[in-house]
Amino acid sequence: MTSLLKRSAAAFAITASLLSVPAAALAQDGNAITVTYKDDIATLDPAIGYDWQNFSMIKAIFDGLMDYEPGTATLRPGLAESYEISPDGKVFTFKLRDGVQFHNGRAMTAEDVKYSFERTVNPATQSPGAGFLGSIEGFDAMQGGTATELSGVRILDPKTVEVTLSRPDATFLSVMALNFSFIVPKEEVEKSGADFGRNPVGTGAFKLAEWTLGQRLVLAKNADYYREGAPKLDGITFEIGQEPVVSLLRVQNGEVDVPGDGIPPAKFREVMGDPGQATQVVEGVQLHTGYITMNTKAAPFDDLKVRQAVNMAINKDRIVQIINGRATPANQPLPPTMPGYVEGFEGYRYDVEGAKKLLAEAGHEGGFETELFVANVDPQPRIAQAIQQDLAAVGIKASLQSLAQANVIAAGSSAEGAPMIWSGGMAWIADFPDPSNFYGPILGCAGAAEGGWNWAKYCNEALDEKAAAADAMVDPGQAAERAAAWGEVYKGVMADAPWVPVFNEKRYTMRSARMGGDDALYIDPVNTPMNYRYVETK
Amino acid sequence: MAIYLARRLFQAVLILLGVSLVTFALLYLLPADPARQIAGRTASAAQVAGIRTQLGLDQPFLVQYARYLGNLVQGDLGRSYLQRSEVAALIWARLPASLLLMLAAILCELALGLTMGMLAAVRRGRASDHALMVTSFVTVSAPQFVVGLLLLYVFAVRLGWFPIGGYGTFAHLVLPALTLGILGAGWYARMMRSSMVDVLRQDYIRTARAKGLRRWTILVRHALPNAILPVVAMIGIDIGLFMSGIVVVESVFGWPGIGQLAWQAIQRVDLPIIMGVTLVSAVAIVLGNLLADLVTPFVDPRIKLK
């Protein structure tokens, strides 16, 4: 037995030494930083990546024709040096920047732009963002398989691309700054095939240096990056598989610079109560609204009075307390920092007696029974319980259906729908900072079909027309008018009350003492958890 | 022996086939639509239907299952719906970490459990025996999540002896292996104690004592080899226990093994990964049990495999 033990110990030691990799570089080394995440990075393919974790990494590796001023939601030209919009708002002509190279050394041309758009739209790519390019002429033909090219994308010369839309689309420039329209080199995509997401090659500020599946991803500075003065860091190491609580401890130990998943809800008060840690916290707003949907196509929520009553029954201040004040109560679908948000709008005030009265008028004096679906990840079930209690106070008995996120989504988008859903954990965070982004898929008629994201099954055709009219105001000079038009659309939505807007979540992120740069870079509205291109070390 | 092995391998294939069928059926029944997950929130119903057809998800259950088996035989576990990578590659990349952790945990539980069991048997009825058995009871009952966090807090955060989670060096391995091993150590301690108590009652031990051998020699040279046999045969069965344990322990310690992969896939309802990890775990459990049975005749010549 002793020899057996000895042998196993020896075998074990050998295996251990074979499997060991150099200990992760400490955060303090040079001008490179360490960021942690709990979950695997799903993919770095810009046509496929669609979660907030890989969004910002993809933005560090690739570029689009358009870009944002760091730390803001203001558009600026990216790979395009300049652009022109035709008077009817349907033709966009982009002049490409000189001297932009992919990480493999090849110069980027207009061919790459056309190839990249078509790749995203091609049904074989199975891009979850293909629909964003839906206004380009020829989209339907290519999605339907009757064309292999986008007829709306024309190469005028190697440095000029003309994109023709099938309808005026004021959001098109924002879409050009979204990862689904980022520019990829054809030869690299073809070389890697379906694994391009593991071997990303772009024009971005960082290039892939190492990726050990499930462990770490290392990005190295692209010295040939086209923008002067960026990136400021020499490299970023993402360590994967770290519990948020553990990441927080490591930030305190100086081993980690930014906990990518933020401050876990259970630790929030402790961190904010500790002066040493609280100074490392950066607070910001995000383009997010948490809401309750009511199925407007089925009794009892097909009755406007019932939906209004529910709007009045929910005590939003208390729900904000439950999440330690990490949000502000909402009264309309758009978050306050979004253009189109209606200042001074009050929505439905918390009024239990008023709610009871409306329910009685709708013929539900004794209340009714219903179901509230919720994602089973903390703190969502606790929030749902608060909603349940508020509903009980006006006589509505809601039973909680606490399920995995994918199952809640499936229930909401099924043909029959779900009576009520608390959107937390699956809630809408804007893909780009534009008011239309909160309407189309989640409140418009198109999303109300089976499989859509409009869980309230809400469809008001008059509002759909108003929304289309607002999006036809392409001229940047009409921005204020367009925002006001969108404000009217959302006021119209609130009159029909398909949702209870509950709160706009704030974002809290942390950075180690040695991290520098403007606070705004860490709460950048389009880069979570931070703008990797512009943050720096002190 | 060869016939026995052939029969057992045949049985193993049948078991795995059963596991695959049940898992596949359960995942098929889940009310989540992979095509919709892939298509994203901007997709029209036609786009979703197109993806469903591309993935063959519109086919009847048996056709889908047969196609899965066909690919499986060629070593193809499919591609993850969300990561779009080959499942086999994802599992393969993480398997070494899980195997290393399991090996370390087995050593840990044997070292701890056998020592505790032996001491308790020798000191049977005394206070130290009771203390050891209560300890083993606690380690068996303690949830691994709690044990893991406790060890992390005390030895990594407070004392700073070990790194706070992660992977790469021997120091990283100690706490997760201990967390996983402590549970098994409790079982081994109890088994070892009762087995040792039985052996110490045997006549040959009395004879040895009568010959005037030293107590230590009796214990290590004469009693231990016999007492340890039934205990060691349990290791194969442990693998099933570990497979469930690593899901929790790997998540707590950020250990990049297949348990963590499974946990993420379950949260994201990434069916091909769940399916793949289940099958790989089933293979490990079946092989572990087979190995345990094959080893038994070597440690106890009275047992013959037929």
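## Sheet, helix packing and chain contact in a predicted two-chain model

In this predicted model, strand β5 (residues 91-96) of chain A runs antiparallel to strand β7 (residues 160-164) of chain A, and five bridges join the two. Within this pairing, K95(A) is placed opposite T160(A) of β7(A).

Both strands belong to an open sheet of four strands in chain A, whose order is β4-β5-β7-β6 and whose pairing is antiparallel. The edges are formed by β4 (80-85) and β6 (153-157) of chain A; each has a single partner strand, so one side of each is left without a neighbour in the sheet. On average, neighbouring strands of this sheet are turned by 20 degrees against each other, direction ignored. Helix α3 (residues 110-121) of chain A packs on the sheet and touches β5, β6 and β7 of chain A. The direction of α3(A) makes about 175 degrees with that of β6(A).

Elsewhere in chain A, helix α10 (residues 304-313) is mostly covered, with eight of its ten residues buried. The buried residues are V306(A), R307(A), Q308(A), A309(A), V310(A), N311(A), M312(A) and A313(A). They pack against two helices and two strands of chain A, listed below.

| Element of chain A | Residues packed against by α10(A) |
|---|---|
| β13(A) | residues 288-294 |
| α12(A) | residues 352-361 |
| α13(A) | residues 380-393 |
| β19(A) | residues 499-510 |

The contact between the chains takes 51 residues from chain A and 52 residues from chain B. On the side of chain B that touches chain A, the elements giving two or more residues are α2 (34-39), α3 (45-55), α5 (87-122), α8, α10 (215-232), α11 (235-253) and α12 (258-268) of chain B. Of these, α5(B) gives the most, with eight residues. By residue class, this side of chain B divides into 27 nonpolar, 18 polar and seven charged residues.

Helix α8 of chain B, which covers residues 170-200, includes S194(B). Is S194(B) buried or partly exposed? S194(B) has 15 C-beta neighbours inside 10 Å, and therefore counts as partly exposed, since a residue is buried only from 20 such neighbours and exposed at 12 or fewer. In sequence, S194(B) and M118(B) are 76 residues apart, whereas their C-alpha atoms are 9.2 Å apart in space.

Definitions and conventions. Residues are numbered from 1 along each chain as its sequence is written. Chains are lettered from A and ligands numbered from 1 in the order in which they are written. This is a predicted model: local features need pLDDT of at least 70, side-chain atom pairs count only at pLDDT 80 or more; totals for chains, interfaces and linings use all residues. Two strands pair if DSSP finds at least two bridges between them. Axes are lines fitted to C-alpha atoms, for helices over the stretch in contact, and angles run from 0 to 180 degrees between N-to-C directions. Two residues are in contact if their C-beta atoms, placed from the backbone, lie within 7 Å. Ala, Val, Leu, Ile, Met, Phe, Trp, Tyr, Cys and Pro count as nonpolar, Asp, Glu, Lys and Arg as charged, and the others, Gly among them, as polar.
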